[in-house]
Every structure is written in structure tokens, then in C-alpha cells.
Amino acid sequence: MENIVPRSLSNILVTGGAGFIGCNFIRLLLEKTPAFTGRIINLDALTYAGNSASLADIAGRFGTVRYIFEHGDICDRALVESIFKKYDIDTLVHFAAESHVDRSILGPEEFIKTNVMGTFTLLEAARNYWGTEAGFRQGALFHHISTDEVYGSLDATGRFTEGTPYDPRSPYSASKAASDHLAMAYHHTYGLPLTLSNCSNNYGPYQFPEKLIPLSILNMLEGKPLPVYGDGKNIRDWVYVDDHNRAVWNILQKGVTGEKYNVGGENEWENIRLLNVLIDIVSKKAGLDAEKVRGTITFVKDRPGHDRRYAIDCSKIKRELGWKQSVNFEEGLEKTAAWYLANSEWVEKIR
Ligand SMILES: NC(=O)c1ccc[n+]([C@@H]2O[C@H](COP(=O)([O-])OP(=O)(O)OC[C@H]3O[C@@H](n4cnc5c(N)ncnc54)[C@H](O)[C@@H]3O)[C@@H](O)[C@H]2O)c1
């Protein structure tokens, strides 16, 4: 089939590589993926969510040859174009985003700038750099990372498929939906070689402690209350970050140009149930009294427009690319809790 690879995967521009999922992606490729022999250029603006401390050891071990850090904004067209040229970029994995729903409600502007205009800037740079008279450079790929939140909210039943119409409810998900539409439009209009993935909630090491799992772990360790929105019965589908990133690596190698793939954990949890399991795990590891910790759960006023339930049907990527999850939830939570317990220095640096 014409739109199946081989992909170059030699000079990969990762945007947002100092953030949670991006830094785990870079680690996965450089440390645990022998099939990847290329180099990674990480373009990151180092906002509050990104920190070079997350990759300090990687920079030490792979620096200048296989790992290069470029500090800058994806909205800076001249910078992005110069990076494409300087490193002869053949692959782009676009993680960079403003990613926190609550922040998008308080101040949507940054979300429109980075998520919409930033994506537009990258698409234009890729179109210009890879475009030839005969079409686009062979083996090049723009992979756009997105979220299941673009699909809206579910009732008690049903799951999002790749064909579910978009119905975003927050400025964050609306800005991601806009970037997804732009990305696909660049494929359909100009033929830009592009793939897209929509993933459910990730968890794992290096996540900024404003999201449910790392915030709760650190609050438990610091004896602070554990805030839970509304009645705690909102449901999310959780996937371990390395499983998400292995899906991305699969798509880079074998994903069909112009296709989108859902990625998820097939692992739905009410927030309050999740928190109770996490309390048991962290209390055991840190020598805390689980019942005392449970007593610090504090229900707080619900987030406006809080989506009730997300659930992902990821049968397409399983069937077509042979991907599957490898980390079960308890094991993943154990690993995540152990990581936060062992990395208080990182927490100090990023806060
Ligand atoms: N975290 C999740 O559960 C989840 C789930 C599905 C999809 N996603 C998507 O995955 C991607 C990564 O999410 P994350 O949780 O790692 O986010 P994050 O907030 O932890 O990291 C975002 C990174 O992007 C960088 N960045 C922000 N604005 C930038 C700009 N203008 N120029 C350059 N860099 C900039 C930040 O410095 C940071 O390093 C996002 O596109 C997000 O929408 C996240």
C-alpha cells in the first residue's frame, strides 16, 4: 500500500519533550527501543509543566549525538523552520501543549496560542520543509498527539471510537479538537504525511503534580487534604504512560498515513475508587495509617462542565498495528507511587 512507510525515523523532532508524556517517550526510545537508532531533537519552551531536570541524565548520556535540547516556543515560526533545516528533521512527534483543563477554564488564551497556533506553525514548517515538486519527502511523518477529551462526555455506556463525532466541552479540549482538525486538514488538503492519536488519561513518573494521581500521592506524603471534585464518581480510562508511548512508536513505524488511532487502557475507574486504591498503595509504601489518610479526602465544588465519563475503544490499533497494553493498573500505580517516593528532588525542582 502506497501510504505504508518505510519511515525514515532518523531525525525526530519531539515537541514538549520536557513534559510528562514527552520525557517518558524520549526515555523509551533512547533507553528501551534498540530498533530506534536515530537522534532526538527536543523543542520545549519549559513552561511550568516542563523541566529540563526530567531529562538531565539523558542529556548527560546521549547529549549532542543522539539527544539535543532546543529551548523555544513552537509558535516561533523562524525558530521552528531553522530547526527543521539544521537537523534535517524527517519525523515530528508533537506533544507540546497546554494540557490542564482547570487552567484552561481560568485562562484559555495560552491554550489557543500553543495548542492551535503552535500546531499550525509546526504544520506549516513541515509542509514547507518536506514539500517537493513531486509531493512530500518519502519516509517523512508528522505525528500529532491528542486526547480522548475531544470526543466529549459519555453516559454510563458506550465507548469512543475513531468515528465518534467531536464534541469538546472545555477550552482545553476545544483547542485540542481544533488542532486535530487542522492536522487532518493538512493531510487531506496538501497531502502532508500525517498520523494522529487520541489517548485516554495517562499516569506514571514525571507528571506535574497538579493532576489527580501525582497530586494525591504528594498530598498523602505531605499530610495535606486529598481534594476530589463533585461526588467523585467521574470516570476516566487510565493507561500507563509507557503503554501510550509504545503505541506512538508503533504508529511511527507502521501507522497508515492519514489515519487516526485511539489509544486507551480499557481500564475505567471512578475517581473516588481510584483514590482509595492509591491510598492503600501509598500508605503501605510510606508507612502511613491508611484510615487516617482516607479521612483527609475532601469533596470540593465540581469543575464547571466536568465531563462525566470517558471510555476508549482502542480495538483499531490493537487489530491493525498489533499494539496492546502491558502494564496492569495496580502494578502501574505501584511503580508510580514508588517513583514519587524516590524522587523528592525532582518534585522540589519542578514545583
Ligand atoms: N496527560 C494526559 O493524560 C494526556 C492524555 C492524552 C493526551 N495528552 C496529550 O499529550 C500531550 C502531552 O501531554 P503532557 O501530559 O505530557 O503535557 P505536559 O503539560 O506535562 O507537558 C507539556 C510540555 O509542552 C511544553 N510546552 C507548552 N507550551 C509550549 C510551547 N508553546 N512551545 C514549546 N513547548 C511548549 C511544556 O513546557 C511541557 O514540557 C499533549 O498534547 C496532551 O494534550 C495528554
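**Exercise 1.** Determine in which sense strand 2 (residues 39–44) and strand 3 pair, and over how many bridges.

*Solution.* Strands are DSSP runs of E with at least two residues, and helices are runs of H or I with at least four, numbered from the N terminus. Two strands pair if DSSP finds at least two bridges between them. Strand 2 and strand 3 are joined by five bridges in the parallel sense. Within this pair, I40 stands opposite Y67 of strand 3.

The model is predicted: local features require pLDDT of at least 70, side-chain atom pairs count only at pLDDT 80 or more, and totals for chains, interfaces and linings use all residues. Residue numbers start from 1 along each chain as its sequence is written.

**Exercise 2.** Give the strand order of the open sheet and explain why one side of strand 3 and of strand 12 is left without a neighbour.

*Solution.* The seven strands follow the order 3-2-1-4-7-8-12, with parallel pairing. Strand 3 (67–71) and strand 12 (260–263) are at the edges and have a single partner strand each, so one side of each lacks a neighbour in the sheet.

**Exercise 3.** Identify which residues are closest to the ligand, and which element gives the most to its shell.

*Solution.* A residue is near the ligand if its C-beta atom, placed from the backbone, lies within 6 Å of it. The ligand is surrounded by 30 residues, the closest being G16, G19, A49, G50 and A97. Two or more residues come from each of helix 1, helix 5 (109–130), strand 7 and strand 9 (201–203). Helix 1 gives the most, with three residues.
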